[in-house]
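Please read the points below alongside the coordinates. They are meant as a colleague's note, and they go through strand pairing, burial and charged pairs in turn.

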Amino acid sequence: MPVESGSSAASRQAKQKRKSHSLSIRRTNSTEQERTGLQREMLEGQDSKLPLSLRSNLLDLFGQIEREFENLYIENIELRREIETLNDRLTAEGQTIDGGDLTKGALKAKASHSTSQLSQKLKTTYKASTSKIVSSFKATTSRAVCQLVKEYVGHRDGIWDLSVTRTQPMVLGTASADHSAMLWSIEAGKCLLKYVGHAGSVNSIKFHPTEQMALTASGDQTAHIWRYMVQLPTPQPIADISQTPCDDDIDFSDKDEADWDGDGPNECPSIRVASTTLRSHQGVVIAADWLVGGKQVVTASWDRAANLYDVETSELVHSLTGHDQELTHCCTHPTQRLVVTSSRDTTFRLWDFRDPSIHSVNVFQGHTDTVTSAVFTVGDNVVSGSDDRTVKVWDLKNMRSPIATIRTDSAVNRISVSVNQRIIALPHDNRQVRLFDMSGVRLARLPRSNRQGHRRMLWLRPAGHRVEHQHPSAAAGEVSPARTGPESALSHPPGPSAI
């Protein structure tokens, strides 16, 4: 048959052309490395704000796109030639085929398949980074104006934690790396009492819900309970600092800061012996808190365990184990026997002690880096912050996924939640404190000018946490030498509950 012989000859010609084009593609691919090398050299010589690794990755991806479309183009040419050959043969027999539609359909199917694969790869590779970039451009409306009201000066090293009493008299407590904890008059800004019973950095301070007792955790591997009695001074009128000349243009960050020479902290009475000492940890005690009722306390340590103690007998009731790395924080629910612990293993755990016979635990893996803290709110929410630059709000009734996610441009340190107004305070290493509501809407940012802000990073983490060249087994949990001394004194303002 003449038609069959012609079609078979056309098919053989098409196969030979495909082989020749495949050889050309191979030659093209063999020179692709040289082309990529030249492009990389050109990239290094160009000015760009993008890191070289990111630019190189983008170049590789765009190179794949170019090669894919090049293959599609070659196949398109081959298909058109084959269609023309078939049309010529079929025309001789009196039959016609709409080659345009056939070509369009074939190309559309191939292009759709290739584009979907590349699109999925691009989405997977850059989903996390682009979400962070886009979130930084979201418009936020400030709903609050923050202004410096009082400054508390007296510690000789970094302040790692602070707390406010729940009963009268209302005082502010601070825990410092200078081995001391201080009680302050909120109105007068004067030191009322100083506790110096620890042999290491004081990493946290919490007050008893009904009595005048304080609980402090320390790098000396212990937690102390001590009683205090203070008398508030007569309140003084607050000076109008808005009339004070502003020195925002002067940068004091590189100047040596002299030790505070005031008479207040030196004259305030001190306590040297604790009423109760809780011992059993084999590492730095990073945080401690009272359970509802104040009859038991929980402590978190770098030995990867949290311990539950009886206050009256000082005995260990239960050891909460399960975290794979050092604990970073612990918090108790204000009205229920619930405890949440956070760790460097990227998880936080919810411990339930409401049933004395059953100690249930739930593990939550919502972060991709160290969970620096997780705290309860007055309602049924848990707020967790992480080094992955996110803060997430969880509902205790459904902890499968967060109800709100706050993305930031910096790692989040130990967070604080206002008791009354349900405001979340996020301290960062870049001296910023941002305020958000429970739905993730930014309300305000605390000033960070030299006159109304801090001169050092807001390092709310306890001593030794995430400090280079410092291991959790370091004696007494001290800050590494690179961060000791008055030149690196760190402090932070009161949380929203104390504003």
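1. A175 stands opposite A181, the latter belonging to strand β3. In this predicted model, the two strands concerned are β2 (residues 171-176) and β3 (residues 181-185), which pair in the antiparallel sense over five bridges. Strands of a sheet pair through backbone hydrogen bonds, in either a parallel or an antiparallel arrangement.

2. The sheet that contains this pair is open and has five strands in the order β1-β2-β3-β4-β8, and its pairing is mixed. Its edges are formed by β1 and β8 (270-271), each of which pairs on one side only.

3. A further set of antiparallel contacts is centred on strand β16 (residues 348-352). On one side, strand β15 (residues 338-343) pairs with β16 in the antiparallel sense over five bridges, and within that pairing S342 stands opposite F348 of β16. The two strands make a hairpin with four residues between them, and T346, which lies in the turn, has a positive phi of about 70 degrees. I would ask the reader to look at the backbone of T346 when examining this turn.

4. Strand β16 also pairs with strand β17 (residues 360-364), again in the antiparallel sense and over five bridges. Here D352 stands opposite S360 of β17.

5. How many of the five residues of strand β16 are buried? Five of the five are, so the strand is largely enclosed by the rest of the structure. In a regular strand the side chains alternate between the two faces of the sheet. In β16, F348, L350 and D352 point one way whereas R349 and W351 point the other way, and all of these residues are buried.

6. Turning to charged pairs, the count of salt bridges comes to six. Side chains of opposite charge can pair when their charged atoms come close. One of the bridges joins D161 to K206, with the closest N and O atoms 3.4 Å apart. This pair links distant parts of the chain, since D161 is in strand β1 (residues 159-164) and K206 is in strand β5 (residues 202-207), 45 residues apart.

7. D161 also takes part in a salt bridge with R414, for which the closest N and O atoms are 3.8 Å apart. Here too distant parts of the chain are linked, with R414 in the loop between β21 (404-407) and β22 (416-417) and D161 in strand β1, 253 residues apart. D161, K206 and R414 are thereby linked in a network of salt bridges. Are D161 and R414 buried or exposed? D161 is buried because its relative accessible area is 7%, under the 20% cut-off, and R414 is likewise buried, at 5%.

8. Another of the salt bridges joins R434 to D409, the closest N and O atoms being 3.5 Å apart. R434 lies in strand β24 (residues 433-437) and D409 in the loop between β21 and β22, so the pair ties together parts that are 25 residues apart in sequence. The two partners should be described separately as regards burial: R434 counts as buried at 8% relative accessibility, whereas D409 counts as partly exposed at 46%.

9. On annotation, the unreviewed UniProt entry places the feature "repeat: WD" at several spans, including residues 152-194, 195-226 and 278-319. For residues 195-226, the end C-alpha atoms lie 8 Å apart, and the span is 0% helix and 56% strand.

Methods
Residues numbered from 1 in each chain as written. Predicted model: local features only at pLDDT ≥ 70, side-chain atom pairs only at ≥ 80, totals over all residues. Heavy atoms only, no water. UniProt positions renumbered as here; feature names shortened; annotations may be inferred. Salt bridge = Lys/Arg side-chain N within 4 Å of Asp/Glu carboxyl O. Buried < 20%, exposed > 50% of the residue type's maximum accessible area, 1.4 Å probe, protein only. Pairing = 2+ DSSP bridges.
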